[in-house]
Amino acid sequence: MRVTDASLSLRRLCKRYGDLAAVDGFSLEIRRGSIFGLLGPNGAGKTTLIRMLTTLLRPTSGDALVEGFSVTTQGRQVRRLIGVVPQENNLDRYLTARENLVLHARMHGMAPSAYDRRIDELLEMTGLASRQHDFTDTYSGGMQRRLVVARALIHDPRILFLDEPTTGLDPQSRRAVWDHVQSLTAQMTVFLTTHYMDEADTLCDRIVIMDHGRALVDGSAAELKERLAHAHRYELQLKGGGDRYEAVLRGLPFVTELKRDGDLFCVALAGEECLKPLLDAIGNADLKSVSLREPTLEDVFIELTGRAVRE
Amino acid sequence: MLKGPFTVWWRDMIVLRRSFFSELAAVVASPLTFYLAFGFGLKGFIANVDGVPYILFMAPGLITMTAVSAAFSESAWSLWFHRRVQHTIEAYRVTPITVYDIVIGKIISGVTHGTVKGAAVAAIIMMLTTLHLQLASLLAYLPYLLLGSMIFSCVGTICGTVLNKPETIGRVEAVVIMPLIFMSGVFFPVSSYPAAMLPFVRLLPTTAIFEGGRYALLDGTLNAGYVANLAISAVAAFAGAVWVFNRRIEE
Ligand SMILES: Nc1ncnc2c1ncn2[C@@H]1O[C@H](COP(=O)(O)OP(=O)(O)OP(=O)(O)O)[C@@H](O)[C@H]1O
Ligand SMILES: [Mg+2]
């Protein structure tokens, strides 16, 4: 990638809290106009990373360039160019929704002639126009979230940071946010974190899965799934006799994983060549169908970060 | 250059304007209670103080007390609330606004609260009694009002920045701020202190605020020593508040 194509460039970025490396030597280049998705279990370091990129947190070491400006030494220039949707809503409950937006516009040095129309548009887009003169603490969680997204867009940022933007939204609003994010990339780069695999799959051009402060994999959704293609997962639908066949399948040395739902089995095999012995062992009598199971992004995620729930 | 602080202040003024009249009763309740209890209730028991009827003697102190404690509370509680509860400070900090803009804007808001609330109490006391102030007295009082509110606003800013628990802020108010105000000449002349303590008491910025403010309001005189003391204290408190806020916020 040419240097000038990179909207965001992370250079061995680190943040330590005592012995804990919350972000541990992250290096990354993100292409202008792309939608970048950062995935990882709770406590992986996603929010810490975003807080450093948005100048809220000073890195312990390393640096990052936002459109060429350093987050450690040129914070003010960086902040002109970014829009931020933090993980926790931080609206002012003593101001109305519209006043919240106006305050933000003024902090970006915008004049009323510039922000009034823009705010009308954004309120329309987020479906909040009719409630714009209400105080934000009378809003539902999802409405507050949409208002925070609107606030981040007022000043037409070049890079938009979204930390779990759709958590707590209903399916309609989630889709509305997706559509909007997709329509933005003509002018801006989007950096988002999410726990929704379908969201990352539909939206992101590129995904990094991180854990314990480090990047584990990097690529498009298709590329990440490709990594698991070697796992050889098949679905077997039987006509009956599930219990009997479960015992048979468990006895086969080359079946590395087995999940059962009634007469539907999902098996992972040690290799492609094991498919024939598998079918021989089951026989034709009760077999209804066999199909190759495409790995999902969630399979990749679990494979890389393990099954254990984080503290 | 002041556009940043002005924007932060602008937000606080929207909120003040909306809440002013509902807040007014709470603001004037305690100074007015003191005024009626001591001024009228104890009327027969207290003679003139420093050659002035007691009810007049304590009026300036009550006005000043309202102003400086309002400046302190506004700054302390507002910073704590925006930092710990609403996290609005972080919303400000991802815009081109600087940390200095935020703290300066917040201090100006504290001074505004102090001045406006002090003026409200002054207006009510003037309606109730014979304290009829000349323009000269008011002008002489202005530096005390502004510098006093400024000092207390800066101290409040420091408290709201370093203290994370609301009950600690409440304790500082009860154990440090209120005693300091009461012992600095709201209800008695500092000349009542033992002679050995007097030189120290006179050096306190709070003495300068209350004694100096009273001379200004009752006689229309400006005490150069007191004003100088306040100016120096205000500059020091401002520098301290900005430094503390900057260090604490930029983790
Ligand atoms: N101020 C802090 N002091 C000490 N440790 C911290 C601090 N902030 C974050 N951490 C630690 O850093 C690690 C990363 O936290 P972070 O909030 O970045 O995770 P995350 O990936 O955003 O998680 P989630 O999905 O739950 O939002 C966690 O182990 C957390 O406990
Ligand atoms: Mg997080």
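**Exercise 1. How many salt bridges does the rule find across the interface of chain B and chain A?**

Start with the cut-off: a side-chain nitrogen of Lys or Arg has to lie within 4 Å of a carboxyl oxygen of Asp or Glu. Run that over this predicted model and you get 3 salt bridges across the interface of chain B and chain A. For one of the pairs, look at Arg51(A) and Glu90(B), whose closest N and O atoms are 3.1 Å apart. For context, the structure holds 26 salt bridges over all chains.

**Exercise 2. Work out why the salt bridge between Arg18(B) and Glu99(A) joins two chains.**

First, check the distance: the closest N and O atoms of Arg18(B) and Glu99(A) are 2.9 Å apart. Next, place the residues. Arg18(B) sits in helix H1 of chain B and Glu99(A) in helix H3 (residues 97–107) of chain A, so this pair joins two chains. As background, side chains of opposite charge can pair when their charged atoms come close.

**Exercise 3. Describe the contact between chain B and chain A, then the side of chain B that takes part.**

Begin with the head count: 28 residues of chain A are in contact with 26 residues of chain B. Then the area. The two chains bury about 2,600 Å² between them, with 56% of it on carbon and sulfur atoms. Now add the polar part: 11 residue pairs are in polar contact between chain B and chain A, counting pairs with both residues at pLDDT 80 or more.

Which elements of chain B supply at least two residues each to the side that touches chain A? They are helix H1 (3–41), helix H3 (59–85) and helix H4 (88–93). H1(B) has the largest share, 9 residues. By type, this side of chain B divides into 12 nonpolar, 7 polar and 7 charged residues.

**Exercise 4. Map the surroundings of ligand 1, beginning with the residues that come nearest.**

Step one is the shell: there are 14 residues around ligand 1, and Gly43(A), Lys46(A), Thr47(A), Thr48(A) and Gln87(A) come nearest. Sort the shell by type and you have 5 nonpolar, 7 polar and 2 charged residues.

Step two is the polar side-chain atoms facing oxygen atoms of ligand 1. Lys46(A) has one at 2.8 Å from a ligand oxygen. For Asn42(A), an N or O atom of the side chain is 3.0 Å from an oxygen of ligand 1, and for His195(A) the distance is 2.9 Å.

Step three is cover: ligand 1 on its own has 640 Å² of accessible area, and the protein covers 63% of that.

Finally, which elements give two or more residues to the shell? Strand S2 (20–31) and helix H1 (46–53) of chain A do, and H1(A) gives the most, with 3 residues.

Notes
Residues are numbered from 1 along each chain as its sequence is written. Chains are lettered from A and ligands numbered from 1 in the order in which they are written. This is a predicted model: local features need pLDDT of at least 70, side-chain atom pairs count only at pLDDT 80 or more; totals for chains, interfaces and linings use all residues. Side-chain values use heavy atoms; hydrogens and water are left out. A residue is near a molecule or strand if one of its heavy atoms lies within 4 Å of it. A polar contact is a pair of N or O atoms within 3.5 Å; within protein, one must be able to donate a hydrogen and the other to accept it, and residues adjacent in sequence count only if both atoms are side-chain atoms. Accessible areas come from the Shrake-Rupley method with a 1.4 Å probe; for residues, only the protein chains shown count as cover. Helices (H or I, at least four residues) and strands (E, at least two) are DSSP runs, numbered from the N terminus. Ala, Val, Leu, Ile, Met, Phe, Trp, Tyr, Cys and Pro count as nonpolar, Asp, Glu, Lys and Arg as charged, and the others, Gly among them, as polar. Contact means heavy atoms within 4.5 Å. Buried area is the accessible area (1.4 Å probe) that two parts lose on being put together, summed over both.
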